Amino acid sequence: MAANDKFILNQVRLENLKEGEAREVVKLLRAVQDDLVARLPAATEWSRERYQAMSSAYGGALDSIYSKGILPKLATNGVEFVAKDMAYQADALDTAAVAAGHPSGLIVTANVSPEALVAASFSEPMQGKVMKQWADELNRKEYRLVDAQLRQAWLQGESPAAATARLKPTFKLSQRDLSSITRTYYGELSGTTRKAIWENNTDLIEAQLWDSMLDARTTTTICAPRDQLKYTMGGEPIGHGLAYLGGPGQAHWQCRSTALPVMKGVSSRAPRQAINAGDNYKRGDNVTRTGKVRKNTADARKRGIFNETEASTRTTYKSWLKRQPVAYQEDILGVNKAKAFRSGEWKLGDRFVAPKPTTIAGY
């Protein structure tokens, strides 16, 4: 295995973990939402008292599921995750150190505490707010919207089916927001773990390389331009002027980039996953019928929409995107920008995907 292959493998594993854990946390919220739907009254049974009682009870249920279910789950699973992630990252760093000519077993992790890192993740801002603030914001937002929908259902005397249809968009929005926060949480936790380990081993590492994986979902203004650029261990740019933004995995919501160590005296590279347009790709195939960015699923590959390849880390997003069909470029950039991109009048930089979700137990 090449020096940095394990870091790439760990990033794939992390993406699967984020997907699986997000689903598990959303299940807790969905159970509360399903309970509300199950208790919706018949059209003839609505009253002001019934509406107020249901709204108040739902507010209490939301408070409880966040304070006693979701947040404790993230904290407990976070500690287990960091312990496993530490082992993976230390092993990957050991492999890179050996490839650089150092003996195995030099990696220091004794000063890295999973409990301390998770505690820090709850007390330090994540994309501007601490975890408790995000939870409170999601809680208040959903309660406000659900209360408004229940009030309308009462005023209009709606059937359970009609009231359920009214509530569903709010439920889905809350689930999506909670999923996004959960994914970001684990991404930032992994980034914090990596930083803690690398800071304990600066005698072996001289810099870090921003590694963005390649697919249709790349943030062309954040991760894309930073792909394969170097930064000091403190996040200062080396040979360019693009800010660190918190680093790979922490630069934006659900950031999927990772960092590779630049070992002292060695310049090592490794292949990474790239999701290309398939033989049957047509304009518009980058999104589903509901407008969501299409994922690299087995069905999409079977239908020839996407295919998977390996790309060297010498491959930038720019060089990779130039090789994609015009229809694919136009879906990613828009028609005018894609044309300017092909002509060289508009520049960008480089990103990634997870094949199968898992949870902490399978991480």
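This is a short walk through a few parts of the structure above, which is a predicted model.

Let's begin with strand E4, which spans residues 258-263. Is this strand mostly covered or mostly open? It is mostly covered, with 6 of its 6 residues buried. Before you look at its side chains, one rule helps: in a regular strand they alternate between the two faces of the sheet. You can follow that pattern here, since Thr 258, Leu 260 and Val 262 point one way from E4, while Ala 259, Pro 261 and Met 263 point the other way. The residues on both sides are buried.

Strand E4 also has a partner. Strand E1, made of residues 205-211, pairs with E4 in the antiparallel sense, over 6 bridges. If you would like to find one of these contacts, look for Asp 211, whose bridge partner in E4 is Thr 258.

Keep Thr 258 in view, as it leads us to the largest cavity. This cavity holds about 140 Å³ of space. Its lining is made of 18 residues, and those nearest the centre are Gln 11, Gln 89, Ser 190, Arg 194 and Thr 258. Which parts of the chain build this lining? Helix H1 (5-38), helix H2 (48-99), helix H5 (160-199) and strand E4 each supply at least two residues. The largest share, 5 residues, comes from H1. Sorted by class, the lining has 6 nonpolar, 9 polar and 3 charged residues.

Helix H5 turns up again at the second largest pocket, which has a volume of about 290 Å³. Here the lining counts 14 residues, and Glu 124, Pro 125, Glu 188, Thr 192 and Gln 250 lie nearest the centre. Helix H3 (114-123) and H5 each supply at least two of the lining residues, and H5 gives the most, with 5 residues. By class, this lining has 6 nonpolar, 5 polar and 3 charged residues.

Helix H2, which we met at the cavity, is also the place of Ala 83. Ala 83 counts as partly exposed, because its relative accessibility is 40%, and that value falls between the limits of 20% for buried and 50% for exposed. Ala 83 and Pro 114 are 31 residues apart in sequence, yet their C-alpha atoms are 5.7 Å apart in space.

Next, have a look at the cysteines. A disulfide is a covalent bond between the sulfur atoms of two cysteines. How many disulfides does this structure hold? It holds 0. Cys 223 is in no disulfide, and the nearest cysteine sulfur, that of Cys 255, is 3.6 Å away. Why is there no bond between these two? At 3.6 Å, the sulfur of Cys 255 is too far from that of Cys 223 for a bond. Both residues are tucked inside: Cys 223 is buried, with a relative accessible area of 1%, and Cys 255 counts as buried at 2% relative accessibility.

Our last stop is helix H10, residues 335-343, whose buried residues are Ala 338, Ala 340 and Phe 341. Seen down the helix axis, these buried residues fall within an arc of 165°, so they line one face of H10. The face turned away from that buried side carries the exposed residues Asn 336 and Lys 339. After H10 comes Gly 344, which has a positive phi, near 90°.

Key: Residues are numbered from 1 along each chain as its sequence is written. This is a predicted model: local features need pLDDT of at least 70, side-chain atom pairs count only at pLDDT 80 or more; totals for chains, interfaces and linings use all residues. Side-chain values use heavy atoms; hydrogens and water are left out. Buried means under 20% relative accessible area, exposed over 50%, partly exposed in between (1.4 Å probe, protein chains only). Helices (H or I, at least four residues) and strands (E, at least two) are DSSP runs, numbered from the N terminus. Two strands pair if DSSP finds at least two bridges between them. The arc is that of the directions from the helix axis to the C-beta atoms. On a 1 Å grid over the protein atoms alone, a cavity is a set of points where a 1.4 Å probe fits but cannot get out, and a pocket is an open set with protein on both sides within 12 Å along at least five of seven lines; lining residues have an atom within 4 Å of a point. Grid points are joined across faces, edges and corners, and a volume is the space filled by probe spheres set on the points. Ala, Val, Leu, Ile, Met, Phe, Trp, Tyr, Cys and Pro count as nonpolar, Asp, Glu, Lys and Arg as charged, and the others, Gly among them, as polar. A disulfide is a pair of cysteine sulfur atoms within 2.5 Å.
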